[in-house]
Amino acid sequence: MVMFLGARNVARIIQSIGLRSFTLQLIEYLRQDFGLWETFERGPRYASHSPNGVIELMPTANSGTFSFKFVNGHPANTLRGLQTVVAFGVLADVETGYPRLLADMTLATAFRTAATSALAARHLARSNCETMALIGLGAQAEFQAHAFEAALGIKRLRVFDIDPRAGEKFARNMSGAGVSIMRCDNAREAVASADIITTITADKKMSTILSNDMVGSGVHINAIGGDCPGKVELARDLLLRANIFVEYAPQTRLEGEIQQLDAEHPVTELWEVIAGHKSGRMSDWEITLFDSVGFAIEDFSVLRLLHDLATQVGIGEEIDLIASPEDPKDLFALLQQSEVEETALNCRAVQNAL
């Protein structure tokens, strides 16, 4: 039997310990796993691209546990009443190969993306940051806002989206969150006087959400919208001004903002900063950029946390996911067992009818 966490189970776990507590615990799990980065198997994710979007598989493993996530990205799905991103993931035991957890990760992916952003900002943003600009108010926006409030104490948000309904949705969901929200008429107005700028738009195309002249010294940019080949949000000239940090350079050079730069352009992997091997922000005047595309170790962290919390609070269920014959060398016996069980069910149905 395998532990299963459906979407409602995941939501109940988070509600049982509180959104803020879950976010801060996830940041700590991420910090631990980033600190052990070199013990994980690492490689660019598999991606199947189509005109409407992408389907990806994101695997990783350490000496004891294997994980993977299935995730999509289809921006036009909202026109069909579907989500842009859905996901599920698996934790498995390396020693036996048996899965331990199967979980919906649509909600968990949103949390881990925001928690990774906040973890990076702890090392890369100035210590006195108070205001964040959010460009793009889709499904990820509230998670970013909550994570930055919890981890960095951000209390003022300047926000913009081309869809007014997104702004209304964001304001409604953030009601009572303890932050002030200023809705702006355009991206330039939103980033004015912001200490941190988060860009997170959905269209999979080359765009210039942030131009070079929109960003002053000392700003930290949290760029998470550019996440596949051919999709960017930042002007190339702005990238050349910034000290750039990434999750896994071989993947980010294919999918992130730095796909616009030469393959040799220097970047620092975030784990190196967290592990203390390299410096993060070095002055209050430099521009730092976290060019985030998501990486499998982040999914490993959130699956690990969900498994631990599900066991702790007693939420979840066991499902008959894999074959389990009494004799592990006699798989065919399951067919005979199934036939016997079906015959017994048919007999009981006949008896009930009589």
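**Close-up 1. The eight-stranded sheet of this predicted model is open and parallel.** Reading across, its strand order is β9-β8-β7-β10-β12-β16-β14-β15. The edges belong to β9 (180–183) and β15 (268–269), each of which pairs on one side only. Zoom in on β14 (residues 242–246) and β16 (residues 287–291), and you find a parallel pair with five bridges. Within that pair, Asn243 has Thr288 of β16 as its bridge partner.

**Close-up 2. Helices α3 and α5 sit against the eight-stranded sheet.** Helix α3 lies across β12 (220–223), β14 and β16. Its direction makes about 155° with β16. Helix α5 (residues 164–173) packs on the sheet too, touching β7 (131–135), β8 (156–160) and β9. For α5 the angle is quoted against β9, and comes to about 170°.

**Close-up 3. Here α3 meets α10.** Helix α3 covers residues 106–124 and helix α10 covers residues 296–313. A pair of packed helices is described by the angle between the axes and the distance between them. For α3 and α10 those values are about 120° and 10 Å. The crossing of α3 past α10 is right-handed. On the α3 side, look for Ala108, Thr109, Arg112 and Thr116; they meet Glu298, Asp299, Val302 and Leu306 of α10.

**Close-up 4. Asp299 of helix α10 gets its own panel.** How buried is Asp299, in terms of relative accessible area? The value is 0%, so Asp299 counts as buried. Setting aside neighbours within four places in sequence, Asp299 is in contact with Met58, Lys69, Met105, Thr109 and Arg112. Two of these names, Thr109 and Arg112, also turn up on the α3 side of the helix pair.

**Close-up 5. The seven-stranded sheet is open and mixed.** The strands run in the order β2-β3-β4-β5-β6-β1-β17. At the edges are β2 (46–50) and β17 (317–319), each paired on one side only. Ignoring direction, neighbouring strands in this sheet are turned by 15° against each other on average. Helix α1 (residues 7–17) lies across β1 (2–5), β6 (99–104) and β17, at about 80° to β1.

**Close-up 6. Follow the antiparallel pairing from β3 through to β6.** Strands of a sheet pair through backbone hydrogen bonds, either parallel or antiparallel. Start with β3 (residues 53–61) and β4 (residues 65–73): eight bridges join these antiparallel strands. Pro59 has Phe68 of β4 as its bridge partner. Next, β4 and β5 are antiparallel over seven bridges, and the partner of Phe70 in β5 is Phe88. Then β5 and β6, again antiparallel, are joined by five bridges. There, Val90 stands opposite Leu102 of β6. Five residues sit between the strands in the β5–β6 hairpin, where Gly97 takes a positive phi near 80°. As for cover, β5 (residues 87–93) is mostly tucked away, with five of its seven residues buried.

**Close-up 7. Phe22 is one of the well-connected members of the largest nonpolar core.** Nonpolar side chains in soluble globular proteins tend to be buried together. The largest core here has 50 residues, and those touching the most other members are Leu5, Phe22, Leu26, Phe34, Trp37 and Leu101. Which residues does Phe22 contact once neighbours within four places in sequence are left aside? They are Ile14, Ile17, Phe111, Val302, Leu305, Leu306 and Leu309. Another core, of 28 residues, lies apart from the largest one; Ala133, Ala187, Ile258 and Leu261 are among its members.

**Close-up 8. Cys129 and Cys184 are shown without a disulfide.** How many disulfides does the structure hold? The count is zero. For Cys129, the nearest cysteine sulfur is that of Cys184, 17 Å away. A disulfide would need the two sulfur atoms within 2.5 Å, so Cys129 and Cys184 do not make one. Looking from Cys184 instead, the nearest cysteine sulfur is that of Cys129. Are these cysteines buried or exposed? Cys129 has a relative accessible area of 7%, so it counts as buried. Cys184 is buried as well, at 8% relative accessibility.

Conventions. Residues are numbered from 1 along each chain as its sequence is written. This is a predicted model: local features need pLDDT of at least 70, side-chain atom pairs count only at pLDDT 80 or more; totals for chains, interfaces and linings use all residues. Side-chain values use heavy atoms; hydrogens and water are left out. A nonpolar core is a set of buried Ala, Val, Leu, Ile, Met, Phe, Trp, Tyr and Cys residues joined through side-chain atoms within 4.5 Å. Buried means under 20% relative accessible area, exposed over 50%, partly exposed in between (1.4 Å probe, protein chains only). Contact means heavy atoms within 4.5 Å. Two strands pair if DSSP finds at least two bridges between them. Helices (H or I, at least four residues) and strands (E, at least two) are DSSP runs, numbered from the N terminus. Axes are lines fitted to C-alpha atoms, for helices over the stretch in contact, and angles run from 0 to 180 degrees between N-to-C directions. A crossing is left-handed if the near helix is turned anticlockwise from the far one by less than a right angle, and right-handed if clockwise.
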